Every structure is written in C-alpha cells, then in structure tokens.
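Hello,

Here is the structure I promised to pass on. Please open it and keep it beside you while you read.

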Amino acid sequence: MNKASFDLNALVRENVRQMKPYSSARDEFTDFEADMVFLDANENPFENGVNRYPDPRQRNLKAQLSKVKRVPMNQILLGNGSDEVLDLIVRAFCEPGRDNIITLPPTYGMYKVLAATNAVECREVLLTENFQIDLEGVRAAVDGHTKIIFLCSPNNPTGNLLQEEEVRQILESFNGLVVIDEAYIDFASSKSWSQQLSDYPNLIVCQTLSKAYGLAGIRLGMCFATEEVIAVLQKIKPPYNVNELTQKSALERVLDQKTIKDEITLILVGKEELSKALLEVNFVDEVFPSEANFILARVQDANRVYQQLIDLGVVVRNRSTQPRCESTLRFTVGTPEENKKLINALKTLNT
Ligand SMILES: *Cc1c(COP(=O)(O)O)cnc(C)c1O
C-alpha cells in the first residue's frame with residue numbers, strides 16, 4: 001500500500017458511494033442546549049428519561065473515549081457492539097457475489113459469519129503453528145477483489161498477539177483495508193494500533209467495552225480509522241444504533257478508569273494462578289501463553305474434560321473443532337472465587 005496513492009473511494013461499494021444518507025431529526029437540529037420546544041421527531045413529550053431519541057453521533061461518550069483512547073473524535077465510530085461495527089465495514093466495502101475478505105483461523109468466528117451474511121467470499125489462511133501470520137499464504141490468497149484482511153490481536157481463541165513486524169508488512173503491502181480486532185487489547189502488554197492511524201490510511205482498529213470494561217450487556221463497540229473511512233461507515237450506520245441507556249452507562253464506566261484498572265489487575269493475577277494450576281494437571285499437555293483474559297490449553301480428550309467440568313458446575317469453551325486447536329479448551333478468567341472453583345474441579349479430575 002502506497003500511502004500517497006491509496007484510493008479509499010475505489011474500495012467503497014458503488015451503491016454506497018452514490019447514496020445519500022438518511023438525515024434524522026437529531027441530525028438536522030443539534031443544538032440541545034438551546035431552550036427550544038422539540039416537536040420535530042414525533043416523540044412522546046412526557047419525560048421518563050428515555051422518551052427522546054439518543055444522540056446519533058454520541059458526542060458526550062465519544063468526547064470521553066477520545067481522551068481515554070487518544071484518538072480524535074472524528075476518527076471514532078461507535079456501534080451496537082463491535083459485531084455491528086464489523087458488519088458495517090463488510091457492507092460498506094464488499095460487493096456481494098464479487099468481493100472477498102481474508103481471515104486467519106483459528107480466530108473469532110464472526111468475520112466468516114458476516115461475510116456469509118453479506119454474500120461475500122471468505123478466504124481462510126491458517127495461522128502458522130505458532131499462531132502467527134502466514135505472510136506467504138496471505139499474499140497468495142489476495143486478488144483484485146480482496147477488500148479486507150481481518151487480523152485479531154490478541155487473537156481469540158489462542159490468546160497471543162500477532163507479531164508487530166508482520167502486521168506492519170500486511171499494512172504496507174496490501175492495497176485494501178486491514179481491520180485489526182483488538183477486543184482484548186486492554187489486557188495486553190503491547191500498545192494499540194490505534195496510535196498509528198496517521199501512518200496507515202488503510203488501517204481500521206476495532207475495540208469493545210464488552211471485555212476489560214465489563215459491559216458486554218450494553219453492547220458498545222468502537223472503530224478507529226481515518227476520518228475518510230469513518231465518514232463512509234457513518235453514511236450507512238443506522239442513525240440511532242447506540243441507544244440512550246448504553247450511551248449513559250458507557251460514559252459512566254469510561255469515566256471510572258480506576259475500577260477498570262483494578263479489575264484488569266485482578267484478572268491478570270487470576271490468569272497467572274490459573275496458568276500455573278493448569279500446568280500441574282496431568283491431562284493438560286500444553287498451556288498457551290495469553291495476552292488476553294482467557295487461556296487456551298491442550299488437554300487429553302477435550303470432549304470428556306469439557307463434560308466432566310460441566311458435571312462439576314464449571315462451563316468452559318471447547319475449541320477443538322477449530323483448526324490447529326485440536327483437543328483444546330478455552331478458560332475465561334473469572335473472579336478469584338470462580339477461579340478457585342475451576343482449579344478445584346481440575347484437581348478433582350486430576351487422578
Ligand atoms: C468478544 C469479541 C468481540 C465481540 O465484541 P462485542 O463488542 O461484544 O460485539 C469481537 N471480537 C473478538 C475477537 C471477540 O473476542
């Protein structure tokens with residue numbers, strides 16, 4: 001990708017390029033501070049806290065996220081979970097029945113599902129044995145209709161970061177968009193790629209409040225990219241995709257960085273303890289290093305251990321059907337008490 005010659009417009013779907021976005025009542029008159037009577041959106045006028053439509057641009061929340069994430073407001077797009085953001089990206093850039101995306105299994109399953117939903121071909125290039133990018137394989141899979149390469153770092157379900165130098169090579173050599181899904185970045189030892197948006201016009205970084213921020217239930221996903229990419233996504237996003245209750249609780253939580261940091265610290269301590277405990281279990285063959293809030297481990301007979309843990313009251317994720325993850329289980333780090341329960345269950349089975 002040559003920075004000077006990168007042509008975003010050429011990547012946007014023709015119909016998206018041509019369309020005029022819906023303009024909501026809240027888009028057309030935005031001065032909420034003014035002492036006005038709002039009779040423009042057919043809302044019920046009687047106050048109950050949520051009788052008004054939410055801010056379609058989520059200004060208050062974005063202003064705060066902009067500070068915490070150190071990304072300018074006009075380079076942020078928010079969605080109903082990062083799953084919605086990822087879907088918007090596929091729909092804005094991939095022509096159904098013609099374009100393709102590339103994913104690197106074993107990885108998060110939604111990229112492939114979103115491709116299928118949008119009638120976009122999903123080309124899978126396996127990660128290497130070390131769960132790193134197969135650069136040769138990616139190069140061979142790219143053709144003139146490849147619009148997006150999805151990278152997940154730290155990767156789910158393996159837990160590792162993708163090597164910086166290889167990510168850089170993809171960013172520099174690929175003429176389409178590179179989405180880096182950083183759902184677990186708050187647990188990781190490395191910086192976010194969002195701090196390098198000015199170097200790469202084809203870079204899109206996705207994050208979420210569902211994991212480290214503890215808000216999976218409210219559905220708030222974030223997308224960081226150049227102003228131009230954000231403008232394209234903005235055009236097709238449903239105007240009120242982030243509801244009022246979500247905007248309020250997200251803002252409250254984002255303002256409370258201390259609680260978030262304290263919880264992350266507890267989770268990281270729990271991860272170390274769980275990792276040590278797993279290594280002492282005789283049916284565990286391999287514990288993969290993790291930069292996330294979960295641990296992938298290779299066990300003897302994953303299906304049996306999975307069921308035995310359920311019988312002891314602990315539900316984990318069986319990832320054995322994923323390529324390179326034969327006979328593996330993924331353990332999410334819980335509270336100290338929950339971790340103790342899991343460790344005791346593992347000891348019970350360790351006969
Ligand atoms: C959990 C997860 C998500 C989902 O995020 P939401 O914001 O809850 O939709 C996205 N990507 C990866 C890799 C995940 O593990």
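Below are my notes on the ligand site, the two sheets and a few unusual spots in the backbone.

One thing before you start: this is a predicted model.

**The ligand site**

Begin with the ligand. It is surrounded by 13 residues. The closest ones are S82, D181, T208, S210 and K211. What kinds of residue make up this shell? Four are nonpolar, five are polar and four are charged. Helix 5 covers residues 81-93. This helix gives the most to the shell, with three residues.

Now look at the oxygen atoms of the ligand. Three side chains are worth finding here. In T208, a side-chain N or O atom is 2.6 Å from a ligand oxygen. For Y184, a polar side-chain atom lies 2.7 Å from an oxygen atom of the ligand. For K211, the distance from a polar side-chain atom to a ligand oxygen is 3.1 Å. How much of the ligand does the protein cover? On its own, the ligand has 390 Å² of accessible area, and the protein covers 94% of that.

**The seven-stranded sheet**

Next, find the open sheet of seven strands. Its strand order is 1-7-6-5-4-2-3, and the pairing is mixed. Which strands form the edges? They are strand 1 (76-79) and strand 3 (121-124). Each of these pairs on one side only. On average, neighbouring strands in this sheet are turned by 25 degrees against each other, with direction ignored.

Zoom in on one pair. Strand 6 (residues 203-208) and strand 7 (residues 221-224) run antiparallel. Four bridges join them. One residue pair to look for is C206 with its bridge partner C223 in strand 7.

Helix 4 (residues 59-69) packs on this sheet. Helix 4 touches strand 1, strand 6 and strand 7. The direction of helix 4 makes about 120 degrees with that of strand 1.

**The four-stranded sheet**

There is also an open sheet of four strands. The order is 8-9-11-10, with antiparallel pairing. Why is one side of strand 8 and of strand 10 left without a neighbour in the sheet? Strand 8 (284-287) and strand 10 (317-318) stand at the edges, and each has a single partner strand, so one side of each has no neighbour in the sheet.

Strand 9 (residues 294-299) and strand 11 (residues 328-332) are antiparallel and are joined by five bridges. Here, R298 has T328 of strand 11 as its bridge partner.

Helix 11 (residues 257-279) packs on this sheet and touches strand 8, strand 9 and strand 11. Its direction makes about 5 degrees with that of strand 9.

**Unusual spots in the backbone**

Three places deserve a click.

- P105 and P106 are joined by a cis peptide bond, with omega about 0 degrees. P106 sits in the loop between strand 2 (100-103) and helix 6 (110-117).
- The peptide bond from N156 to P157 is cis, and its omega is near 15 degrees. You will find P157 in the loop between strand 4 (146-152) and helix 8 (164-173).
- N42 is not a glycine, yet it has a positive phi of about 55 degrees. N42 lies in the loop between helix 3 (25-28) and helix 4.

Those are my notes. Send me your questions once you have looked through the model.

Best wishes

Terms used. Residues numbered from 1 in each chain as written. Predicted model: local features only at pLDDT ≥ 70, side-chain atom pairs only at ≥ 80, totals over all residues. Heavy atoms only, no water. Near = heavy atom within 4 Å. Polar contact = N/O pair within 3.5 Å; in protein donor to acceptor, adjacent residues only side chain to side chain. Areas by Shrake-Rupley, 256 points an atom, 1.4 Å probe, with all protein chains shown as cover. Helix = DSSP H or I, 4+ residues; strand = E, 2+ residues; numbered from the N terminus. Nonpolar A, V, L, I, M, F, W, Y, C, P; charged D, E, K, R; others polar. Pairing = 2+ DSSP bridges. Axes fitted to C-alpha atoms, helices over the stretch in contact; angles between N-to-C directions. Contact = heavy atoms within 4.5 Å.
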